[in-house]
Amino acid sequence: MQYQAPANDLRFLLFDVLGVDRLHELEKYADATPDLISAVIDEAGKLAAEVIQPTNQAGDREGCTYDPETRAVKTPDCFKDAYRKFVEGGWTALDAPLEFGGQGLPHTLKFVVDEMVCSTNLSLGMYPGLTHGAISALHAHGSDDLKQTYLEKLISGEWTGTMCLTEPQCGTDLGLIRTRANPNDDGSYAIEGTKIWITGGEHDLVDNIVHLVLAKLPGAPDTTKGISLFVVPKFLPESGERNPAFCGGLEHKMGIKGSATCVMNFEGAKGWLVGEPNDGMRAMFTMMNEARLMVGMQGLGLAEMAYQESLGFARERLQSRSLSGPKNPDGPADPIIVHPDVRRMLMRQKVLNEGMRAMALFAGHQLDLSVAHPDEVVRESADDLVQLLTPVVKSFLTDEGFNNANTGLQVLGGSGFTTDWPLEQLVRDGRIARIYEGTNGIQAMDLVGRKLSLKGGQLVRTLFGTFSGYLEDNPEAPHREELKNAIKALESATVWLASNAPKDPEQAGAAAAPYLRLMALTVIGYLWSRMANVANQQLAAGDGNRPLLESKVVSARFYFEKLLPEVDWLLGDIQSGKDSLMAFSDDHWAA
């Protein structure tokens with residue numbers, strides 16, 4: 001079926017719930033009027049459905065190919081024209097800085113576009129997606145010369161960018177990298193080493209690829225404190241000379257087959273230092289944090305497409321009769337959407353998707369406030385929430401994005417297991433998002449091991465302040481007691497971690513994943529209460545899209561009755577501690 005952008009839900013969230021339409025009141029985002037935001041939603045939806053979606057299945061079947069003689073990679077045939085139209089539409093420049101050719105629009109709008117692109121072709125969306133992270137890193141940490149050399153062409157989409165971190169002997173533990181950067185006489189560096197799992201490391205969509213590479217300088221500490229960041233182009237901009245940064249082969253993957261995932265060999269390739277020596281991790285985390293939010297949108301995008309496919313199938317597939325009597329008396333059977341178990345799956349998909357979208361756009365709105373609001377207190381509070389929620393958005397949206405795609409496959413039954421329907425591809429494509437840009441377990445450890453203690457615990461206090469402020473301002477808030485129970489569970493879990501983790505770091509490790517999930521469910525509960533609150537107000541006033549508003553009220557009830565109660569056993573999991581988890585001795589595993 002053809003993708004339908006969730007335009008009504010997006011406008012409800014952006015305009016009625018979050019207030020993103022008021023960002024144009026801030027000087028930095030003066031152009032982001034409600035009319036422009038609506039135009040972005042409509043045009044991005046049209047691009048996703050008409051240009052990008054038709055490349056998805058074909059790109060999966062054709063995949064990327066590698067020529068060992070030329071060391072070149074060819075993307076699926078249909079990708080070039082779609083990428084060209086994406087670039088010509090200015091979508092690569094949407095929230096990029098004005099001074100280098102960007103449009104300077106709110107980051108929240110990029111979140112919206114990211115979801116639509118990832119719904120319709122995750123593989124294709126990864127080429128401009130990783131480029132955006134390279135733009136942010138160079139803009140934040142590069143010298144004026146590097147910015148002038150690279151940013152305009154990256155922002156225009158004429159060139160693409162990569163992030164080169166992982167090596168064969170190390171994944172997340174980047175202190176183990178062996179890539180070296182030796183100084184040249186001209187101020188550049190000779191980069192030697194091998195990187196793996198490099199998205200877009202080599203391809204034929206653009207004329208030049210700009211690699212951001214982690215490497216160690218001579219004499220640097222052999223830890224993460226000795227890592228520097230370098231920009232290494234495929235072709236040297238000043239001369240057009242081919243730089244010896246070559247693809248050594250493609251990874252053989254279960255999904256995202258249209259995305260060129262490369263082994264990259266740097267054979268004395270010329271590179272330039274980004275930022276200060278031995279400060280590469282700080283610069284790279286500018287890319288990583290942005291990429292983590294983008295990956296969250298990948299999970300949401302796939303979940304939305306899976307929901308649309310499974311809903312369409314459930315409305316048309318005839319099988320058995322309704323338990324309460326025939327609903328299609330003139331046909332041989334009823335559509336499967338009448339069956340409670342199918343309803344359970346579809347409602348879970350829909351309600352989680354809309355809740356996850358709300359959480360992601362809430363984080364995007366806070367990101368915009370953190371860089372554009374004139375009040376320093378507001379900027380700091382918004383930044384607190386962005387830092388705290390980045391690992392939550394990445395992890396929860398990719399966990400549940402995959403789960404929802406898997407649920408969609410279940411709705412289709414045997415049809416879902418065949419390549420005649422797109423669900424199996426969505427499941428395959430979605431699985432990687434829980435792994436890359438730091439596995440979700442690592443995101444959870446970042447949350448409990450780092451984010452909870454930043455600024456003496458200020459980040460999580462800001463979140464609790466957001467909850468309490470809402471409840472104080474809305475004494476008749478829908479599902480108030482259920483939300484208060486979830487907040488209390490999150491507070492109890494936070495106190496438990498503060499008491500136990502400092503004495504035993506393994507307690508933090510054991511509690512990390514359930515704690516992240518508890519926080520995600522609570523934040524989404526807060527946002528579902530807000531959505532239901534707005535819906536009730538508009539229904540009472542006779543405003544708005546009545547079916548949409550009524551669906552919000554019912555969906556909120558489903559969330560609080562069927563999904564949010566999970567917080568109670570998550571709290572029990574956390575407070576039970578590590579003992580049963582860590583109790584096995586070596587000889588127990590094979591017993």
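Modeller: A residue is called buried when its relative accessible area is under 20%, exposed when over 50%, and partly exposed in between, with a 1.4 Å probe and protein chains only. This is a predicted model, in which local features need pLDDT of at least 70 and side-chain atom pairs count only at pLDDT 80 or more, while totals for chains, interfaces and linings use all residues. Residues are numbered from 1 along each chain as its sequence is written, and side-chain values use heavy atoms, leaving out hydrogens and water.

Biologist: Why is C247 called buried?

Modeller: Its relative accessibility is 1%, so C247 counts as buried.

Biologist: Why is there no bond between the sulfurs of C247 and C262?

Modeller: A disulfide is a pair of cysteine sulfur atoms within 2.5 Å, and the sulfur of C247 is 3.8 Å from that of C262, its closest cysteine sulfur, which is too far for a bond. A search of the whole structure finds 0 disulfides.

Biologist: What makes the span of helix α13 agree with its number of residues?

Modeller: Helices are DSSP runs of H or I with at least four residues, numbered from the N terminus. The expected span is 1.5 Å times one less than the number of residues, so the 16 residues of α13 (458-473) should span 22 Å, and the end C-alpha atoms are indeed 22 Å apart.

Biologist: Which residues of α13 are buried, and what covers them?

Modeller: Among the buried residues of α13 are L459, F464 and Y470. Counting contact as heavy atoms within 4.5 Å, the cover of the buried residues of α13 includes α9, α10, α12, α14 and α15.

Technical notes: Helix = DSSP H or I, 4+ residues; strand = E, 2+ residues; numbered from the N terminus.
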